[in-house]
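Biologist: I am new to this structure and would like a close look at a single part of it. Please choose one residue, start there, and work outwards to the rest of the chain.

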Amino acid sequence: MPTTEDFAVLAQWSGIATAFFAVLAVLAFFFQWRFRFNLVGVTGFMVVLSVGLFTLSLIPFTRTTIEGAAPFSVVYDNGSTQAVIAVSPDITESELNLTLQQAASNLYSYGRLGLGDAKLTIRARTIVHPNEGVSQPVYLGQVKRSLTEREDENMEITINSEKFDQIQATS
C-alpha cells in the first residue's frame with residue numbers, strides 16, 4: 001500500500017509536469033498553435049491531479065495490526081453505525097477477541113454518522129455448511145465502540161461461546 005511519502009513524491013513530480021504543461025500552453029497561445037486549447041485542458045487536469053496527490057500525502061493511511069488477530073474481510077458497512085466482518089470457521093475465541101479489537105480500530109472514521117446511537121457496532125460472522133448445498137451464517141460475536149473517540153478504552157466485546165460449539169458440530 002502506498003505511504004504518505006510515496007504520495008508526496010508523486011505530488012512533486014505531478015507539480016513539475018503541471019508547470020511544464022502550463023508553460024507549453026502559454027507558448028501555444030503565443031505562437032497560435034492549433035492544439036492550444038487541448039493544452040489548457042491537460043494543464044487543468046494536471047492541476048487537479050497534483051492537488052489530489054498532495055492531499056493524499058497529508059493524510060496518513062494507518063491500519064492497526066494486532067498480533068494474534070485472524071484475517072477478516074468487511075462484508076457489510078453502512079457507513080454509519082453498523083458493520084459486519086467475515087472470519088474463518090476455524091477461528092478460536094481468543095483470536096476472535098483480538099480480531100474484533102483490530103476491526104474496531106481499522107473501521108473507525110471521523111466521517112461516520114451517529115444517528116441516534118453514538119456507537120459503532122461491528123458483528124463477526126462465519127459461514128457453516130450443515131448439509132450439502134446449504135450455507136448458514138453464524139454470528140460469533142460483536143464489538144461496540146465509540147464513534148467520537150479515536151482511542152476508545154470502553155469497547156464492549158461480546159463473544160457467543162455457544163456459537164463456537166455449533167461450528168464444531170457442523171464441521
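**Met-155 and its surroundings**

Modeller: Met-155 has a relative accessible area of 28%, so this residue counts as partly exposed. The model is a predicted one, and that applies to everything below. Met-155 sits in the loop that runs between β4 and β5. Once the neighbours within four places in sequence are set aside, Met-155 is in contact with Gln-101, Ala-104, Val-143, Lys-144 and Arg-145. One of these, Lys-144, is 11 residues away in sequence, yet the two C-alpha atoms are 5.6 Å apart in space.

The strands on either side of this loop come next. Strand β4 covers residues 136-146, and strand β5 covers residues 156-159. The two run antiparallel and are joined by four bridges. Within this pairing, Lys-144 stands opposite Glu-156 in β5. Lys-144 therefore appears twice here, as a contact of Met-155 and as the residue opposite Glu-156.

On the other pairing of β4, 10 bridges join this strand to β3, residues 119-128, and the two run antiparallel. Here Ile-122 stands opposite Val-143 in β4. Val-143 is also among the contacts of Met-155. As a general point on strands, side chains in a regular strand alternate between the two faces of the sheet.

Glu-156 has a further link. Side chains of opposite charge can pair when their charged atoms come close. Glu-156 forms a salt bridge with Lys-119, with the closest N and O atoms 3.8 Å apart. Because Glu-156 lies in strand β5 and Lys-119 in strand β3, the pair ties together parts that are 37 residues apart in sequence. A search of the whole structure finds one salt bridge. Both partners count as partly exposed: Glu-156 has a relative accessible area of 41%, and Lys-119 has 24% relative accessibility.

Two other contacts of Met-155, Gln-101 and Ala-104, lead to helix α3, which is made of residues 93-106. At 1.5 Å a residue, the 14 residues of this helix should span 20 Å, and the end C-alpha atoms are 20 Å apart, so the two values agree. Ala-104 is one of the buried residues of α3, a list that also holds Leu-96, Thr-99, Leu-100, Gln-102, Ala-103, Ser-105 and Asn-106. The cover over these buried residues includes β2, β3, β4, β5 and α4, the last being residues 161-170.

Strand β2, which is part of that cover, has a partner of its own. Strand β1, residues 73-77, is joined to β2 by four bridges, and the two run antiparallel. Ser-73 stands opposite Ala-86 in β2. The hairpin of β1 and β2 has four residues between the strands, and Gly-79 there takes a positive phi near 75°.

The N-terminal part of the chain holds two helices. Helix α1 covers residues 4-30, and helix α2 covers residues 36-58. At 1.5 Å a residue, the 23 residues of α2 should span 33 Å; the end C-alpha atoms are 34 Å apart, which agrees. In α2 the buried residues are Arg-36, Leu-39, Thr-43, Met-46, Ser-50, Leu-53 and Ser-57. These pack against α1. In the loop between the two helices lies Gln-32, which counts as exposed at 54% relative accessibility. Phi of Gln-32 is near 60°, a positive value in a residue other than glycine.

Taken as a whole, the protein chain has four helices and five strands. From the N terminus on, the order of the elements is α-α-β-β-α-β-β-β-α. The radius of gyration is 25 Å, whereas a compact globule of 171 residues would have one near 16 Å. Along the principal axes, the C-alpha atoms fill a box of roughly 80 × 40 × 35 Å. Buried residues make up 30% of the 171 in the chain. Among contacts with a separation of 6 or more, 61% are between residues 24 or more positions apart. The accessible surface comes to about 10800 Å², and 60% of this belongs to carbon and sulfur atoms.

How values were computed:
Residues numbered from 1 in each chain as written. Predicted model: local features only at pLDDT ≥ 70, side-chain atom pairs only at ≥ 80, totals over all residues. Heavy atoms only, no water. Pairing = 2+ DSSP bridges. Expected span 1.5 Å × (residues − 1). Buried < 20%, exposed > 50% of the residue type's maximum accessible area, 1.4 Å probe, protein only. Contact = heavy atoms within 4.5 Å. Rg over C-alpha atoms; globule rule 2.2 N^0.38 Å. Areas by Shrake-Rupley, 256 points an atom, 1.4 Å probe, with all protein chains shown as cover. Salt bridge = Lys/Arg side-chain N within 4 Å of Asp/Glu carboxyl O.
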